[in-house]
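Colleague: Hi, have you got a minute to walk me through this one? Could you put it up on the screen first?
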Amino acid sequence: MIVSAKWKGLTDAKLDNAEVIVEGRDDYAPGSIDYVMSFTPPPGKLASLPNLKAAFCLGAGVDGFLSDPNYPRRVPLVRFVDRTLSAEMTQYLLLQILMHHRRQRFFDAAQRAGQWRQETLQRRTEDTRIGFLGLGAIGSFAAKRLIDLGFQVSGWSRTPKDIPELKSFTGDVALAAFLGEVDILICLLALTRQTAGILNAKTFAALPKGAFVINVARGAHLVEPDLIAALDCGHLSGAALDVFAEEPLPSQSPLWAHADVTITPHIAAVSQPQVVLDYIRDGIAVFERGETPATVVDINTAY
Ligand code: NDP
């Protein structure tokens, strides 16, 4: 199953041993399908393919597959994990962090006013605490780069992490303590039942006054009215959002015009088709050898 004609063109070159079927265009017998690749397959689709050997998610987050209540649990689901994706996300995070930390908007405004205003950093880099909700493949990659730049870095995850110079918090009981020590909060969690809505009023209240929030995981992590309220009362100083509950973000959303919100259209880290298809080709070879790729998700934890 291929998501678009763009992918079909590439699969001819990359998956040269496979017969590629384009969903919605080609006729096929459901029993003839061995592998599926998609971002978000139509609900019930995978359950209708009786001989499916594995499903490949074209992105890092598999919520588009596992939100299907009829996902066939016997079918291994492989997610995309790759250095190119982690590096691109880290670039995005650096951009948003430094725009805030180095006060670039202030200097933009000064330039527009024709003013030479030599303000210094509001907080030294060594005193700036960056906290990751989620320290998986991408979060831990980005965290290490921010440590190298001199920031104080911490993270909250389900299992403890042993990353030099990073303070690791785990489990629900440690969440408030983690948030209490964060000036810039980054959400890079997997979207599951446990993490949906985690960026809410209670979470924001636990952050120090003036904290900045970056959500690059999924829109469903964020309760948008709670964010707007926390910004409007001055508790949060700003937010950078790449993902939204509804995408494209509806034109009437108050987020568009909010002075303290930076919006990007889900482009923080984009799966490069050539890289993903190499990854899938290699993954299929692993299954065909009777083995299992390391990046098969745990259906029980849903990530
Ligand atoms: P991983 O699955 O490697 O990491 C997920 C992290 O979430 C892990 O650290 C995991 O903890 C943590 N987690 C999951 N459930 C809980 C919980 N209940 N409590 C605490 N921590 C929890 O994912 P990636 O790092 O590869 O990607 C993260 C997300 O980023 C993706 O799911 C996707 O939604 C998003 N993404 C967005 C992109 C964009 O362009 N905006 C591009 C790419 C990804 P533990 O480590 O203990 O297992």
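Colleague: Which helix and which strand each supply at least two residues of the shell around the ligand?
Modeller: Those are helix 5 (137–148) and strand 5 (152–157). Bear in mind that this is a predicted model.

Colleague: And which element gives the most to that shell?
Modeller: Helix 5 does, with 3 residues.

Colleague: How many residues surround the ligand, and which are the closest?
Modeller: There are 29 around the ligand, and the closest are Arg79, Ala137, Thr159, Lys161 and Tyr303. By class, the shell has 15 nonpolar, 9 polar and 5 charged residues.

Colleague: What about domains, where does the shell draw its residues from?
Modeller: Domain 1 (2–82 + 271–288) and domain 2 (83–263) each provide at least three residues of the shell.

Colleague: Nice. Which polar contacts does the ligand make through its oxygen atoms?
Modeller: A backbone N or O atom of Ala137 sits 2.8 Å from a ligand oxygen. A polar backbone atom of Ala190 is 3.4 Å from an oxygen atom of the ligand. With Arg218 the side chain is involved, one of its N or O atoms being 3.1 Å from a ligand oxygen.

Colleague: How much of the ligand does the protein bury?
Modeller: The protein buries 93% of the 940 Å² that the ligand exposes when taken alone.

Colleague: Switching topic: in what order do the strands of the open sheet run?
Modeller: The order is 1-2-3, with parallel pairing across the 3 strands. Strand 1 (35–38) and strand 3 (77–78) are the edges, each pairing on one side only.

Colleague: How many bridges link strand 2 and strand 3?
Modeller: Strand 2 (residues 54–57) pairs with strand 3 over 2 bridges, and Phe56 stands opposite Val78 in strand 3.

How values were computed
Residues numbered from 1 in each chain as written. Predicted model: local features only at pLDDT ≥ 70, side-chain atom pairs only at ≥ 80, totals over all residues. Heavy atoms only, no water. Pairing = 2+ DSSP bridges. Helix = DSSP H or I, 4+ residues; strand = E, 2+ residues; numbered from the N terminus. Near = heavy atom within 4 Å. Polar contact = N/O pair within 3.5 Å; in protein donor to acceptor, adjacent residues only side chain to side chain. Areas by Shrake-Rupley, 256 points an atom, 1.4 Å probe, with all protein chains shown as cover. Nonpolar A, V, L, I, M, F, W, Y, C, P; charged D, E, K, R; others polar. Domains from an automatic or database assignment.
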